[in-house]
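Open your viewer and get ready to select residues. This tour goes stop by stop.

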Amino acid sequence: MDVNIDNSWKEKLSDEFEKPYFKELTDFIKEEYTTETCFPEKAEIFAAFDYCSFDDVKVVIIGQDPYHGVGQAHGLCFSVNDEIAIPPSLINIFKEIESDVNIAFPSTGNLERWARQGVLLLNATLTVRAHNAGSHQGKGWEKFTDAVIQTVSANKNDVVFLLWGGFAKKKGRKIDNKKHCILNSGHPSPLSANRGYWFGNKHFSKTNEYLIKTNQSPIQW
């Protein structure tokens, strides 16, 4: 696996790429992509970093696994390629945006527009085998994405971290809450949302209020 990642991130994470776990992860990913169908496309594994440079990060959203259906995943958590049906969790995200900040439900589930505004759409695991959820968990990606979160926390100020669901909250334990804004909520999946843990969290307006308060431009959700 070539670490084809934006230079601003390469500089910040260079030590990580030299660690034994990352070399083992690289060998595993090369083998998987050679012998199995995996997502996203190899060139898009680090897309979250390519669309949102380190210097531009002002919001971090933490997902879990890439989508494992054909054509869905393209390297940004919760996001799907154009022309792909919008998944249930993303439908609930858009519903909350509609009620919170009065932005109409979009025609596409592609969130590149968020990433280009400084939203790091980070999955905990950056790859997956087709139709096999969680198949690349426990291979090293989690260590790498923990390092990403800690690097952002340590080297930036006034970032909004959106932690949706128990998994994301665990990933966010090392964020410095004295320098950053941490917003917790249930997960937008139908199981959680329909039990009252998602809708009404107003994370999108709260994010923009904090960004404005800290002299940053708000996100056009």
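**Stop 1: α4 and α9.** Select I93, E96, I97, D100 and V101 in α4, then add H203, F204 and S205 in α9; these two groups meet. By class, this contact has four nonpolar, two polar and two charged residues. Keep in mind that you are looking at a predicted model.

Now show both helices whole. Helix α9 covers residues 203-213, and its axis lies 8 Å from that of α4. How are α4 and α9 turned to each other? They pack at an angle of about 60°, which makes α4 oblique to α9.

**Stop 2: just past α4.** Select N102. This residue sits in the loop between α4 and α5, where α5 is 112-115. Look at its backbone: phi is positive, at about 60°, although N102 is not a glycine.

**Stop 3: the largest pocket.** Stay with α4 (88-101) for a moment. Along with β2 (59-63) and α7 (166-171), α4 gives two or more residues to the lining of the largest pocket. The pocket has a volume of about 350 Å³. Which residues come closest to its centre? Select Q64, D65, Y67, N123 and H187: of the 25 lining residues, these are the closest. Then colour the lining by class. You should find 13 nonpolar, 11 polar and one charged residues.

**Stop 4: a cis bond.** Select F39 and P40. The peptide bond that joins them is cis, with omega at about -5°. Where is P40? Look in the loop between β1 (38-39) and α3 (47-51).

**Stop 5: α2 against α6.** Two ideas help before the next pair. Packed helices are described by the angle between their axes and by the distance between those axes.

Select residues 20-35 for helix α2 and residues 141-155 for helix α6. Their axes are 9 Å apart, and the packing angle is about 125°. The two helices are therefore oblique to each other. Their crossing is left-handed.

Next, show the side chains at the contact. From α2, take Y21, F22, L25 and I29; they meet W141, K143 and F144 of α6. What classes of residue make up this contact? Six are nonpolar, none is polar and one is charged.

**Stop 6: α1 against α6.** Keep α6 on screen and add helix α1, residues 7-17. The axes of α1 and α6 come within 11 Å and cross at roughly 135°. That makes α1 oblique to α6. Which hand does this crossing have, left or right? The crossing of α1 and α6 is right-handed.

Select W9, K12, L13, E16 and F17 on the α1 side. On the α6 side, select K143, F144, A147, V148, T151 and V152. Together these residues make the contact. By class, seven are nonpolar, one is polar and three are charged.

**Last look.** Show α1, α2 and α6 together. Rotate until you can follow both crossings: left-handed for α2 with α6, right-handed for α1 with α6. Then pick out K143 and F144 in α6. These two residues are in the contact with α2, and they are also in the contact with α1.

Technical notes. Residues numbered from 1 in each chain as written. Predicted model: local features only at pLDDT ≥ 70, side-chain atom pairs only at ≥ 80, totals over all residues. Heavy atoms only, no water. 1 Å grid on protein atoms, 1.4 Å probe; cavity = no way out; pocket = protein on both sides within 12 Å on 5 of 7 lines; lining within 4 Å. Points joined across faces, edges and corners; volume = space filled by probe spheres on them. Helix = DSSP H or I, 4+ residues; strand = E, 2+ residues; numbered from the N terminus. Nonpolar A, V, L, I, M, F, W, Y, C, P; charged D, E, K, R; others polar. Axes fitted to C-alpha atoms, helices over the stretch in contact; angles between N-to-C directions. Parallel < 35°, antiparallel > 145°, perpendicular 65-115°, else oblique. Left-handed = near helix turned anticlockwise from the far one by under 90°. Contact = heavy atoms within 4.5 Å.
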